[in-house]
Amino acid sequence: MIFLTRKAEFSAAHFYWNEAWSPEENQRVFGKCANRNGHGHNYTLEVTVAGAVDATTGFVVDLKELKDILEREVISIYDHRHLNLEVPEFKNKIPTTENIAIAIWQRLDNKIPHAKLHRVRVYEMPDLFADYYGEP
């Protein structure tokens, strides 16, 4: 088994807000990230797949096909969007780095031919990222 990782980037805006809390509680917990106008990040996405190397091609997965899947399932949906307002999975879920990683996993799971999704890593900033390996 070998692990192969593909990177992609997208830019998106978001804010942190829990509707069940008062504005004061949201401000206390989320600070400047509770600004309902949002703020943006240049995210880096790493998707790692696992599988056997095909004896004929030498690939675990067709790299162009993987890039196309990432574009179709994630980048075209998230790039230059306000995640809270424009991306369905964040209508009732706070788009934290952790929740973004989970949502991307759910978008990609079982959609990559000849390989198993192993890890989704989302960088919100160079020093902040979340890894998701699916449910045990």
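User: Which residues does the UniProt annotation "binding site" cover, and what makes them a cluster in space?

Analyst: According to the unreviewed UniProt entry, the annotation "binding site" covers His-14, His-39 and His-41. Although these residues are spread over 28 residues of sequence, the largest C-alpha distance among them is 8.4 Å, and in that sense they cluster in space. Please keep in mind that the model is predicted, and that the annotation may be inferred rather than shown by experiment.

User: Why is His-14 called buried?

Analyst: A residue counts as buried when its relative accessible area is under 20%. His-14, which has its place in strand E1 (residues 2–14), has a relative accessibility of 0%, and therefore it counts as buried. Leaving aside residues up to four places away in sequence, His-14 touches Gly-38, His-39, His-41, Tyr-43, His-82, Leu-83, Asn-84, Pro-95 and Glu-124.

User: Why does His-39 count as partly exposed?

Analyst: Buried means under 20% and exposed means over 50%, with partly exposed in between. His-39 has 25% relative accessibility, which lies between these two limits, so it counts as partly exposed. His-39 lies in strand E2 (residues 39–51), and, again not counting residues up to four places away in sequence, it touches Ala-12, Ala-13, His-14 and Cys-33.

User: What makes the link between the side chains of His-14 and His-41 a polar contact?

Analyst: Such a contact needs a pair of N or O atoms within 3.5 Å, of which one must be able to donate a hydrogen and the other to accept it. The contact that joins the side chains of His-14 and His-41 is 3.3 Å, so its distance falls within the limit of 3.5 Å.

User: How many aromatic pairs does the structure hold, and why is the pair of Phe-10 and Tyr-43 called stacked?

Analyst: The structure holds 7 aromatic pairs. For Phe-10 and Tyr-43, the ring centres are 4.9 Å apart, which is within the 6.5 Å that a pair requires, and the planes stand at 15 degrees, which is under 30 degrees, so the pair is stacked. This pair links distant parts of the chain, since Phe-10 is in strand E1 and Tyr-43 is in strand E2, 33 residues apart. Phe-10, at 2% relative accessibility, counts as buried, and Tyr-43, at 0%, counts as buried too.

User: What makes the pair of Phe-10 and Tyr-78 edge-to-face?

Analyst: Here the distance is 5.5 Å centre to centre and the angle between the planes is 80 degrees; because an angle over 60 degrees counts as edge-to-face, the pair receives that name. Phe-10 in strand E1 and Tyr-78 in helix H2 (residues 63–78) are 68 residues apart, and both are buried. Together with Tyr-43 and Phe-90, Phe-10 and Tyr-78 form one aromatic cluster.

User: How do you know that strands E4 and E5 pair?

Analyst: Two strands pair if at least two bridges are found between them. Strand E4 (residues 116–125) and strand E5 (residues 128–132) are joined over 5 bridges in the antiparallel sense, so the requirement of at least two is met. One of the bridge partners is Phe-129 in E5, which is matched with Tyr-123, and the two strands form a hairpin with 2 residues between them.

User: How many helices and strands are there in the chain, and what pattern does the chain follow?

Analyst: There are 4 helices and 5 strands, and, read along the sequence, the chain follows the pattern β-α-β-α-β-α-α-β-β. Of its 136 residues, 43% count as buried.

Definitions and conventions. Residues numbered from 1 in each chain as written. Predicted model: local features only at pLDDT ≥ 70, side-chain atom pairs only at ≥ 80, totals over all residues. Heavy atoms only, no water. Buried < 20%, exposed > 50% of the residue type's maximum accessible area, 1.4 Å probe, protein only. Contact = heavy atoms within 4.5 Å. Phe/Tyr/Trp six-rings, centres within 6.5 Å; stacked < 30°, edge-to-face > 60°.
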